[in-house]
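Colleague: Could you take a close look at one helix here and at what it packs against? Please add the open and closed spaces as well.

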Amino acid sequence: MRIRLIAVGRRMPKWVAMAYEDYARRLPRECRLELVEIPLSKRHEGGDTARAIAAEDQRMAKAIGRDTEVVALTVDGKPWSTEGLASDLKTWMGDGRDRALLVGGPDGLGPASLAAADSRRSLSDLTLPHPLVRVIVAEQLFRAHSILVGHPYHRA
């Protein structure tokens, strides 16, 4: 099974890339995490934000693989606890189907990305910086896997 984290935005700060890579490489092959970065569309003051979101939507749709279950990460999604993610990860690893986790840009996910999602999840009620979301997702996937295998990383 492959988990593709499809996120709008490139050229992240070095610490973001290092933290993401650190957690992603800790995951075993059976739940490999891949980052797919979608270029952020240019936004101009007073410009058409809807057009920028639509362009990101198209790029995101192309990045989602066939026969992939899609999870949109949105503020209004169902809250996702670490234990809930561990349960989902166990299911995902059991069926072997690829997953795509979608992270929008500064204006969120577009309507096409939301429509393509099989479910919507929220990482927090807090507003998180988009670069930080990819680190949190990678860390939480590692933590969830640690729970499943009884690794002492998760001690709650």
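Modeller: Helix α5 comes first, then the largest pocket and the largest cavity.

This is a predicted model, where local features need pLDDT of at least 70, side-chain atom pairs count only at pLDDT 80 or more, and totals for chains, interfaces and linings use all residues. Residues are numbered from 1 along each chain as its sequence is written, and side-chain values use heavy atoms, with hydrogens and water left out.

Start with α5, residues 130-149, and its packing on α1, residues 14-26. Helices here are DSSP runs of H or I with at least four residues, strands are runs of E with at least two, and both are numbered from the N terminus. The α1 and α5 axes lie 8 Å apart, at an angle of about 20°. Axes are lines fitted to C-alpha atoms, for helices over the stretch in contact; angles run from 0 to 180 degrees between N-to-C directions. So α1 is roughly parallel to α5 (under 35 degrees; over 145 is roughly antiparallel, 65 to 115 roughly perpendicular, the rest oblique).

Contact means heavy atoms within 4.5 Å. From α1 come W15, V16, A19, Y20, Y23, A24 and R26; from α5 come P131, L132, R134, V135, A138, E139 and F142. This contact of α1 with α5 has 11 nonpolar, no polar and three charged residues. Ala, Val, Leu, Ile, Met, Phe, Trp, Tyr, Cys and Pro count as nonpolar, Asp, Glu, Lys and Arg as charged, and the others, Gly among them, as polar.

Helix α3, residues 82-95, also meets α5: their axes come within 8 Å and cross at roughly 75°. That makes α3 roughly perpendicular to α5. On α3 the contact uses T82, L85, A86, L89, K90, W92 and M93. On α5 it uses Q140, L141, R143, A144, H145, I147 and L148. By class, that is nine nonpolar, three polar and two charged residues.

Helix α5 also helps line the largest pocket, as do β3 (69-79) and β5 (119-122), each with at least two residues. On a 1 Å grid over the protein atoms alone, a pocket is an open set with protein on both sides within 12 Å along at least five of seven lines; a cavity is a set of points where a 1.4 Å probe fits but cannot get out; lining residues have an atom within 4 Å of a point. The pocket's volume is about 350 Å³. Of its 19 lining residues, L73, T74, V75, H130 and V133 are closest to the centre.

Last, the largest cavity holds about 40 Å³. Volume is the space filled by probe spheres set on grid points, joined across faces, edges and corners. Helix α2, residues 49-63, gives the largest share of the lining, four residues.
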